[in-house]
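Student: I would like a close look at one part of this structure, starting from a single residue. Please then work outward from there to the parts that follow.

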Amino acid sequence: MKNLLPVSSAGSLPKPVWLAQPETLWSPWKLQGDALVEGKQDALRLSLQEQIRAGVDIVSDGEQSRQHFVTTFIEHLSGVDFENRKTVRIRNRYDASVPVVVDAVTRPKPVFADDAWFLRQLTDQPIKWALPGPMTMIDTLYDNHYKSREKLAWEFAKILNQEARELEAAGVDIIQFDEPAFNVFFDEVNDWGIAALERAIEGLKCETAVHICYGYGIKANTDWKKTLGDEWRQYEAVFPKLQQSNIDLISLECHNSRVPMELIELLRGKKVMVGAIDVANTAIESPEEVADTLRKALQFVDADKLYPCTNCGMAPLSREVANAKLAALSAGAQIVRNELGR
Ligand SMILES: [Zn+2]
């Protein structure tokens, strides 16, 4: 990466009004068939353009090609029944109607490879592509076949590895696995969660990242955060083992959160994507606020390993707000770059 402090976003960005209802999480598509394919590609062009204008260095598809960060991937797998759903508790936080694993899970064909090829031909900038992590996938399903969270996670890890290899071949520079479940099931993370993630990245030459956040700014998450006390020390349980893992980058939530910044020290040696933008409110951070968060992080991560980022995805925000937040992130990173250059 040529720039010091390369800027990226953690995940989803708002979709245009003609593709899906704005400011709505997991909003259904407004188009169908060929029109949907073309609509997603146009949205991707638009999102890329807006990221570049906002000064983002490592660009993404802004998740324009998916409705939900886990379900859209699972929809492409066989062995999962989407008709007869069951209600489960997601990350011990809220109930959701989810598909059921009824048979061995397999991936009959690539899921996002075509979208990644499409994005690759539109830009020379580094591309980051997000996939759900194995543990978060099993937490968004009811398993009636393997009857073991670990076994199912291992099967998903093998499938994710096939997908990741194709994304790499399409020219993706960083493959990110979203694992909000790593912030909840600490014993399982250390027992087999990180091992499953390492299975998912086996043999990859591109860089790999894991995104661990406190979730979108939806009520179930903000209510949960209120129960976490004055200091959020969840990362402390999983960072030591992640530091030892083969994952290259760790993406985490910092700005406006109660995560003690010194926990980043536990990752020393890893590249750290520091969330310097709050996605749970619509107030636009000032570049100085962003710079302040990055300066604090610099006490615990070397400058060449600091990647300014957002706390999480911004799909539920308006395009205006999301673009302004990305621009503030870039401007804040530039302030700190200038200071480091002196
Ligand atoms: Zn997130």
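In which helix is L197 found? Which residues does L197 touch, not counting residues up to four places away in sequence?

Tutor: The model is predicted, and what follows should be read in that light. L197 is found in helix α6. This residue is buried, because 25 other C-beta atoms lie within 10 Å, and 20 or more are enough to count as buried. Setting aside residues up to four places away in sequence, L197 touches G133, P134, F177, V210 and I247. One separation along the chain can be added for L197: I174 is 23 residues apart from it in sequence, and their C-alpha atoms are separated by 15 Å.

The helix that holds L197 has a partner. α6 spans residues 186–200, and its axis comes within 9 Å of the axis of α8. The two axes cross at roughly 15 degrees. Angles under 35 degrees count as roughly parallel, so α6 and α8 are roughly parallel to each other. The crossing in which α6 passes α8 is right-handed. At the residue level, F186, V189, N190 and I194 are what α6 brings to the meeting. On the side of α8, the residues met are A237, V238, K241 and L242.

Now α8 itself. This helix covers residues 234–243, and Y235, V238, F239 and L242 are buried in it. These four residues cover an arc of only 120 degrees around the axis, which means that they are on the same side of α8. What do the buried residues of α8 pack against? They pack against α6, and also against two strands, β6 (207–212) and β7 (249–253). V238 and L242 belong to the buried set of α8, and both are also among the residues that meet α6. As background, nonpolar side chains in soluble globular proteins tend to be buried together.

That leads to the nonpolar core. The largest one has 96 residues, and V272 and V274 are the members that touch the most others in it. Helix α5, residues 149–169, gives the most to this core, with eight residues. The surroundings of V272 can be listed: leaving aside neighbours within four places in sequence, V272 is in contact with I250, L252, I264, L267, V301, K305, L306 and Y307. K305 is one of those contacts. I250 and L252, also on that list, have numbers that fall within the span of β7, one of the strands against which the buried residues of α8 pack.

For comparison with the α6 and α8 pair, take a second pair of helices. Two packed helices are described by the angle between their axes and the distance between the axes. α9 covers residues 287–297 and α10 covers residues 319–341. Their axes come within 7 Å and cross at roughly 55 degrees. With that angle, α9 and α10 are therefore oblique to each other. α9 passes α10 in a right-handed crossing. From α9, the residues that take part are P287, V290, A291, L294 and R295. From α10 they are A328, L329, A331, G332, A333, I335 and V336.

S330 also lies in helix α10. S330 counts as partly exposed, because it has 19 C-beta neighbours inside 10 Å. Not counting residues up to four places away in sequence, S330 touches V7, A54, G55 and V56. Its C-alpha atom is separated by 27 Å from that of Q243, which is 87 residues apart along the chain.

One strand residue can be set beside these helix residues. V98 has its place in strand β2, residues 94–106. V98 counts as buried because it has 20 C-beta neighbours inside 10 Å. Apart from residues up to four places away in sequence, V98 touches R85, K86, V88, T140, L141 and Y142. H68 is 30 residues apart from V98 in sequence and 12 Å apart in space, C-alpha to C-alpha.

Last, a note on backbone angles. W26 is not a glycine, yet it has a positive phi of about 55 degrees. It is found in the segment before α1 (33–53), and W26 is partly exposed, because 17 other C-beta atoms lie within 10 Å. E63 is also not a glycine and has a positive phi of about 55 degrees. E63 is found in the loop between α1 and α2 (71–74), and it counts as buried, because it has 25 C-beta neighbours inside 10 Å.

Key:
Residues numbered from 1 in each chain as written. Predicted model: local features only at pLDDT ≥ 70, side-chain atom pairs only at ≥ 80, totals over all residues. Core = buried A, V, L, I, M, F, W, Y, C linked by C-beta atoms within 7 Å. Buried ≥ 20, exposed ≤ 12 C-beta atoms within 10 Å, placed from the backbone. Contact = placed C-beta atoms within 7 Å. Arc of directions from axis to C-beta. Axes fitted to C-alpha atoms, helices over the stretch in contact; angles between N-to-C directions. Parallel < 35°, antiparallel > 145°, perpendicular 65-115°, else oblique. Left-handed = near helix turned anticlockwise from the far one by under 90°.
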